[in-house]
Amino acid sequence: MCRPGRGRILDTMSGATDTSSPPNQGFEATIKDFWVSRPRRPQHGRKIAGVAAGIGNRYGIDPVVVRVALVVATIFGGVGVFLYLLGWLLFPDERDEVSPVEALVGRGRSTTSAPLTVLLCVALIPSSGWVFGGGWFDGGGFIALALFATAGYLLHRSRGHLNRPVAPPAGTFAATHDTPTSATTTPGWDPLGAAPLAWDLPDPVPAPSPAPPSRPSRPARPPRRRSVFGPLAFWTALVVAVVGVNLGLNGVAWFTPEHVIGLALAVLGAGMVAGAFRGGGRGLVLLAVPLAVVGLALAALPFREFTGGMSNLDAAPRTAQEVLPSYSRTVGNVDLDLSALPATAEVSTVVSVGAGNGTVIVPDTADVRFTCESWAGEQDCLDERQSGMGLPPVSGENNGGDGPGGARIDLTVRAGTGNVEVRRG
């Protein structure tokens, strides 16, 4: 008679799905169990990388529900893109031993190539800015991220015992067996009437040949210990980059893209130096080289301000007191309408766009002093026009068709990549 628990153990060893009730685990145990049994991205049913399909298969829910939730989270705060990239990096493919990030630091094999993994890690940095640096809806990213974390925790608590994935074996080795290459045949007729086996005389046994002198065997090398410097440097550099990007997006002037990349490269360099003495860390080169290229490119571009978030900005102040000292966006368009200012107004403001267009509308009778600059794009500021790359700023004064008199406006409009325009309206 078998005990009840024995059959359950055999089912688990054979890869069968556990349908027993979920154990009562604490918070830390639930998080550890989620990581151990995290979803695997399937080959069939995926739309991009299989993140939503993997979550749906793992917890027995429709993947369409997961996709809709990610799209809604992308609209309200941009967290959907961030979570999808994170799932792509941390969830293994169903054919793989480990996830792309783990394969990048040498913990196993993954079908995701190392260059693609590095590209996804780099894309994770600006996507985090949508969540924490202000986006379509200020604060929406924090709320959506908290909701996703809570829903994932409760989902694993209630359904984590279902459909637990089984990792593919590290390798398959087929046992080989020696098979006879010849068979002894007996004649079907003996003309002397003797027993057939009597004619099969044994062959003479050859004299044993002297054994060649044996070489002294080398002692087996102990298995190489996996270094912690590579993974530690990778995750530290990623955290430094994410924190630096969000500080820069929230107004800390020192954390420019060049400085953030420099900090990440410093961490990776320290990891490679430590790994050179203790072993490991060679895979960090795959991340350090493209980051260095991006850092050099950003240092060459004249992005003087790279703050303000990633969205469009429309403003139409009606009094001088409502005009802000600056209007800036990291990525997006800035449209500033000053046409409603009174004739007695005196204002000074700066419009700055990292990647996008900056447009300012001034009153017909205003006296405008302007400076327009775009490293790559078109400059059209009160009939002063030029386009191209690396051109000097356009500066001048324009008093309108009525001559001096009216509102006095001092403008600086600049863009890293995009068009700048100042016109009357």
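Here are some notes on the cores, one helix, the strand pairing and the cysteines of this structure.

1. A word on the source before anything else: this is a predicted model, so please read the points below in that light.

2. Let's start with the largest nonpolar core, which has 35 residues. Val51, Phe234 and Leu268 are the members that touch the most others in the set. Eight helices, H3 (51-59), H4 (63-75), H5 (79-90), H6 (100-104), H7 (114-132), H9 (229-249), H10 (257-278) and H11 (285-300), each supply at least two of its residues. H5 gives the largest share, with six residues. The core also spans a domain assignment: domain 1 (25-160) and domain 2 (228-301) each contribute at least three residues. As general background, nonpolar side chains in soluble globular proteins tend to be buried together.

3. Val51 deserves a closer look. Setting aside neighbours within four places in sequence, Val51 is in contact with Arg41, Tyr84, Gly87, Trp88 and Phe91. Another core, of 28 residues, lies apart from the one that holds Val51. Among the members of this other core are Tyr327, Val360, Val368 and Ala415.

4. How many of the nine residues of H3 are buried? Eight of them are, so the helix is largely enclosed by the rest of the structure. The buried set is Val51, Ala52, Ala53, Gly54, Ile55, Gly56, Arg58 and Tyr59, and you may like to note that an arginine, Arg58, is in that list. After H3 comes Gly60, with a positive phi near 70°.

5. Now to the strands. E9 (residues 408-417) pairs with E4 (residues 346-355) in the parallel sense, over nine bridges. Within this pairing, Glu346 stands opposite Arg408. E9 also pairs with E6 (residues 367-381), again in the parallel sense and over nine bridges. Here Cys372 has Val413 of E9 as its bridge partner.

6. Cys372 leads us to the disulfide. The count for the model is one, and the link joins Cys372 and Cys381, with the sulfur atoms 1.9 Å apart. As a reminder, a disulfide is a covalent bond between the sulfur atoms of two cysteines. The angle about the S-S bond between Cys372 and Cys381 is -115°, and the link is left-handed.

7. Are the cysteines of this link buried or exposed? Cys372 has a relative accessible area of 0%, so this residue is buried. Cys381 also counts as buried, because its relative accessibility is 0%. Elsewhere, Cys121 is buried too, with a relative accessible area of 3%.

How values were computed: Residues numbered from 1 in each chain as written. Predicted model: local features only at pLDDT ≥ 70, side-chain atom pairs only at ≥ 80, totals over all residues. Heavy atoms only, no water. Pairing = 2+ DSSP bridges. Helix = DSSP H or I, 4+ residues; strand = E, 2+ residues; numbered from the N terminus. Core = buried A, V, L, I, M, F, W, Y, C linked by side-chain atoms within 4.5 Å. Buried < 20%, exposed > 50% of the residue type's maximum accessible area, 1.4 Å probe, protein only. Domains from an automatic or database assignment. Contact = heavy atoms within 4.5 Å. Disulfide = S-S within 2.5 Å.
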